Every structure is written in C-alpha cells, then in structure tokens.
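Let us walk through this structure together, one part at a time. Keep the picture open while you read.

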Amino acid sequence: DDSLSLTLPDESATLNLGARLAAVLRPGMTVYLSGDLGAGKTTLVRGLLRSLGFRGRVKSPTYTLVELYEVSSLNLYHFDLYRFADPVEWAEAGFREYFNAGSICLVEWPEKAAGLLPEPDLALRLSWAGEGRQAELVAYTEAGRRCIASLKT
Ligand code: ADP
Ligand code: MG
C-alpha cells in the first residue's frame, strides 16, 4: 500500500504516530516531514525519539540544520532545513554522507533542499484539521511501502 491518512486529534496522537513510526523504520531510510510552522513535525520526531528511549530535549535544529541522536543502537539524523539556502553549505557540511545505509534521516522542510536531498522512502505531510491535525503518509520505495503496511496492521 502506498499511502495512509490519519487523524491526529491532539498532541499525544502526534507523539504516538512518532512512536509507531519508530517501530517500523529501518536503517537506511529517509523520511520527509512537511507542513507549515507549528504543524507538528518536531513533535512527531520527539515522540519517535522518546519511544526509542531518548530522555533529553528534542527541539528543531533550526540554526545548526541537523542534530544526531544515537539511541537504541540507531544513528538518527534530524534535519530542519527551514533556514537552509546555500547549496555550497550542503556539500561543505558533508550532509550527503549522512544519508547512508546505517542511518535514519528525518527531514523537516525538505523542499528547501530540493535537488540536493535523496528521494525519501516515506513522505509525511501534516496539516490542520480543526483543533487537531491530519497526517498523510506516502511511500516512495518498497521499504516505505513495507512501513505503511506494518502501520496498517
Ligand atoms: P513544527 O516542527 O511542524 O514547526 P512543532 O512540533 O514544533 O511544529 O509544534 C507543533 C505544535 O502543535 C506544538 O505546540 C504541539 O503541542 C502542537 N501539536 C502537535 N500535534 C498536535 C495535534 N495533533 N493536535 C493539536 N496540536 C498539536
Ligand atoms: Mg520543527
């Protein structure tokens, strides 16, 4: 199955979706996280990391662009590209190498680095639905489709 639509009535539902994703993501996967400021992208990453046992603070790496979490024997890179503008910086920082078979990459504002980022396995879009949110998850690879299938069971 290629897509999944979910209603997230409150913050805990977003945290819980992050936890459910944590259980199905595998090293080597890339997930795009889209949606306006305040949509819940970082909240979802927080839920994902907490479910893996991370106890510290999780905030958007708006100025540093990326944060590495080594948790539950995973290398998890959390990008926030909201302020990203310079393709030269992409090359110089070596961001390309962060997307490898041993890491999971979660990318907020992927559209800011269009053409530089690898294709995602999964793309998650969050939008407003009343007081809550709506999540649309789309798979772009076989690995992504397996994740969606697991989420549906
Ligand atoms: P983003 O990273 O997309 O800019 P944040 O996760 O930093 O957004 O902030 C999202 C805000 O919306 C937080 O205040 C959070 O508590 C709230 N929120 C997250 N998910 C939901 C939801 N499903 N329903 C209502 N509020 C939510
Ligand atoms: Mg954010």
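**A guided tour of the model**

S73 is exposed, with a relative accessible area of 79%. Bear in mind as we begin that this is a predicted model. You can find S73 in the loop between strand 3 and strand 4. The backbone does something worth pausing over here: phi of S73 is near 50°, a positive value in a residue other than glycine.

Now compare a second residue with a positive phi. W109 has a phi of about 60°, and W109 is not a glycine either. Look for W109 in the loop between strand 5 and strand 6. Is W109 buried or exposed? Its relative accessible area is 11%, and because buried means under 20%, W109 counts as buried.

Let us step back to the sheet. In general, the strands of a sheet pair through backbone hydrogen bonds, and the pairing can be parallel or antiparallel. Here, 7 strands form an open sheet with mixed pairing, in the order 1-7-6-2-5-4-3. Strand 1 (3-8) and strand 3 (66-71) stand at the edges with a single partner strand each, so one side of each has no neighbour in the sheet. On average, neighbouring strands of this sheet are turned by 15° against each other, direction ignored.

One pair in this sheet is easy to trace. Strand 4 (residues 74-80) runs parallel to strand 5 (residues 103-108), and the two are joined over 6 bridges. Within this region, D80 stands opposite E108 in strand 5.

Strand 4 is also home to L76. With 0% relative accessibility, L76 counts as buried. Which residues does L76 touch, leaving out those up to four places away in sequence? They are L48, L49, L52, E67, L68, Y69, I104 and L106. For a sense of scale, the C-alpha atoms of L76 and L17 are separated by 17 Å, and these two residues are 59 residues apart along the chain.

Helices accompany the strands. Helix 1 (residues 11-24) lies across strand 1, strand 6 (122-129) and strand 7 (132-139), and it runs at about 145° to strand 1. Helix 4 (residues 142-152) packs on the sheet too, touching strand 1, strand 6 and strand 7, with a direction that makes about 135° with that of strand 7.

Next, find the magnesium ion (ligand 2). Which protein donors does the magnesium ion have? They are T42 (OG1), S60 (OG) and E108 (OE), and they lie 2.1 to 2.4 Å from the ion. Along the sequence, the donor residues are spaced T-x17-S-x47-E. S60 sits in the loop between helix 2 (41-51) and strand 3, while E108 belongs to strand 5, so this pair ties together parts that are 48 residues apart in sequence. The surroundings of the two can be compared as well: S60 counts as partly exposed at 22% relative accessibility, whereas E108 counts as buried at 2%.

Our last stop is ligand 1. There are 17 residues around ligand 1, and E11, T14, G38, K41 and T43 come nearest. T14 offers a polar side-chain atom that lies 2.8 Å from a nitrogen atom of ligand 1. The backbone takes part in such contacts too: a polar backbone atom of L8 is 2.9 Å from a nitrogen atom of the ligand, and a backbone N or O atom of D10 lies 3.0 Å from a nitrogen atom of ligand 1.

Note on methods: Residues are numbered from 1 along each chain as its sequence is written. Chains are lettered from A and ligands numbered from 1 in the order in which they are written. This is a predicted model: local features need pLDDT of at least 70, side-chain atom pairs count only at pLDDT 80 or more; totals for chains, interfaces and linings use all residues. Side-chain values use heavy atoms; hydrogens and water are left out. Two strands pair if DSSP finds at least two bridges between them. Helices (H or I, at least four residues) and strands (E, at least two) are DSSP runs, numbered from the N terminus. Axes are lines fitted to C-alpha atoms, for helices over the stretch in contact, and angles run from 0 to 180 degrees between N-to-C directions. Contact means heavy atoms within 4.5 Å. Donors are N, O and S atoms within 2.8 Å of the metal (3.2 Å for Na, K and Ca); water is not among the atoms, so sites may look incomplete. Buried means under 20% relative accessible area, exposed over 50%, partly exposed in between (1.4 Å probe, protein chains only). A residue is near a molecule or strand if one of its heavy atoms lies within 4 Å of it. A polar contact is a pair of N or O atoms within 3.5 Å; within protein, one must be able to donate a hydrogen and the other to accept it, and residues adjacent in sequence count only if both atoms are side-chain atoms.
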